[in-house]
Amino acid sequence: MTRHIIRKNVKNGVKNRSGMGRWKASLGSLLFGYLGIQLIVNIANGGVSNLLIPNRIAAIDPVNKVALLGTTGAVTAVVALIAQPLWGLLSDRSHGRYGRRFGWVLAGVIGLALSILALAFSNSFPLLLILMGLLCACYSMVLGPLTAVVPDRVPLEKRGLFSAVGGLGTFVGGVLGVLVVSPLVSSDSMGFLLLAALLLLALPLTLTVREAPPTLPGAPRPPLRNVLRGLLIDPRKHPDFGWAFLARLVLVLGFWSLLSFQLYILSDYLGLGLSGANAVFPMLTAVATLGIVVALIPAGLISDRTGRRKPLVIGASALIALSVLPQILWPSLSSAFISIGVAGIGFGCYLAVDQALMTQVLPSAAHAGRDLGVLNIAQAGGQVLAPLAASLVIGLSGYAGLYVFAGLMAVLAALAILPIKSVR
């Protein structure tokens, strides 16, 4: 009987144990939904984190704004460190009517909308801090299970494309969020309300994540007291996984340390003042978006065609490292545009290939949600740790030192990719 099923599956085009052939016809709709959810969720998250929250904090306490933004990053970092792998692990353990991931993604989108809605009416820093932690938890609830859909259902030779599309949604969504709310920055409550309403568009897209019960065996259901223990992955047993985690963490940490403080860099480092910085910031993010879009899809397709991931990731990291030099050597508004444009091209190449590389170093296919959740700590954790790291670096060595820090993190990210052996 087993041999008969195997022969039948091969005849019908089933290529591997994940049941990829079964879902081959639906890959187009999955790709559309994957991009749409990533894009909308990150427009909302990016607009809040990169523009609305820095402006709200500056209005609450302009003297201590750098320290308060850093504190916000520290609190949300703790939430991300727990939530990212936890939601992924719980989705691995789920056996719903529509598959393992759908319910978590849907609940995360709804929770994210409600968190942003509440932020519109928060005018004290303690309340803002609590709500940002809740926002981070809901964002992780979307991201962890959603990225696990790729190893669940996408053939290996298509993962570069999905990585590029996911990167397009993640980063381009973040900078588009700034463009969407920048006209409302003088009345930032309206910006929060607009982003909360925008998330309603993601609800029907979550239907593309639905699937029949998985062909992979469900992950074991250990006692609840052992759940958190299951989040620990020994890098000595899985060194490629450990190196991939480190590379993503330090690159995102360095890049986002600049991005999260870009408004203050323009206002304080380049002397534009807060109103001038708010006027220039959308144009700067548009340049970054252009650089990412130009590089993203070609890099993903080249990666799939050649089957090589490491050279593109290393080259992208090196380009990001070089992008900081104009602002260190010749700080000016022109240099800011050059720097962010070059960084955008580098980050576009990185995003296009990084996720595909990550899916090839997972310790276990049955625990893909958990393992990708742990790897997503590096992305989400890097993003939310960035304000804390940036505030400390600025306090010690100023904004020029922040650019040096970001460049060093990109170099370290390139070096961390070299020891990976299971991916070319």
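pLDDT is the predictor's confidence in each residue, from 0 to 100. That matters right away here, since this is a predicted model, and pLDDT stays under 50 over residues 1-25. For that stretch, the model has 28 contacts beyond four places in sequence. Across the protein, the average pLDDT is 78, with 80% of the residues scoring at least 70.

**Confidence by element**
- Helix α1, covering residues 2-11, has the lowest mean pLDDT among the elements of the protein, at 40.
- At the other end of the scale sits helix α4 (residues 102-119), whose mean of 92 is the highest.

**Overall make-up**
- You're looking at a protein with 15 helices and zero strands.
- Of its 424 residues, 58% are buried.
- If you take contacts between residues at least 6 apart in sequence, 85% of them join residues at least 24 apart.
- About 16,700 Å² of the protein is exposed, and carbon and sulfur atoms supply 71% of that area.

**The nonpolar core**
- In soluble globular proteins, nonpolar side chains tend to be buried together.
- Here, the largest nonpolar core has 107 residues, and those with the most contacts inside it are Val48, Ile53, Ile116, Leu119 and Leu402.
- Helix α15 (residues 368-417) is the top contributor to this core, giving 15 residues.
- Leu119 has a mostly nonpolar-sounding guest list, but it also includes an arginine: beyond four places in sequence, Leu119 touches Val48, Ile53, Arg56, Leu128, Leu131, Met132, Leu135 and Phe192.

**Leu195 and its surroundings**
- Leu195 lies in helix α7, which runs over residues 188-198.
- With a relative accessibility of 0%, Leu195 counts as buried.
- Leaving out residues up to four places away in sequence, Leu195 touches Ile43, Ala44, Gly47, Val48, Leu52, Ile116, Val180 and Val181.
- One of those partners, Ile116, is 79 residues away along the chain, yet the C-alpha atoms of Leu195 and Ile116 are separated by 7.3 Å.

**Helix α10 and Gln327**
- Helix α10 (residues 262-269) is mostly covered, with six of its eight residues buried.
- The buried ones in α10 are Gln262, Leu263, Tyr264, Ile265, Leu266 and Ser267.
- Just after α10, Gly271 takes a positive phi of about 75°.
- Gln327 sits in helix α13, residues 325-329.
- Gln327 is a buried residue, because its relative accessible area is 0% and the cut-off for buried is under 20%.
- Setting aside neighbours within four places in sequence, Gln327 is in contact with Ile265, Tyr269, Leu270, Ser332, Ser335, Ala336, Ser339 and Tyr403.

**Cysteines**
- The disulfide count comes to zero.
- Cys136 is in no disulfide, and its nearest cysteine sulfur, that of Cys138, is 9.4 Å away.
- The reverse holds for Cys138, which is also in no disulfide and has the sulfur of Cys136 as its nearest, at 9.4 Å.
- A disulfide needs sulfur atoms within 2.5 Å, so the 9.4 Å between Cys136 and Cys138 rules that pair out.
- Both cysteines are buried: Cys136 has a relative accessibility of 6%, and Cys138 has a relative accessible area of 8%.

Technical notes:
Residues are numbered from 1 along each chain as its sequence is written. Side-chain values use heavy atoms; hydrogens and water are left out. A nonpolar core is a set of buried Ala, Val, Leu, Ile, Met, Phe, Trp, Tyr and Cys residues joined through side-chain atoms within 4.5 Å. Buried means under 20% relative accessible area, exposed over 50%, partly exposed in between (1.4 Å probe, protein chains only). Helices (H or I, at least four residues) and strands (E, at least two) are DSSP runs, numbered from the N terminus. Contact means heavy atoms within 4.5 Å. Accessible areas come from the Shrake-Rupley method with a 1.4 Å probe; for residues, only the protein chains shown count as cover.
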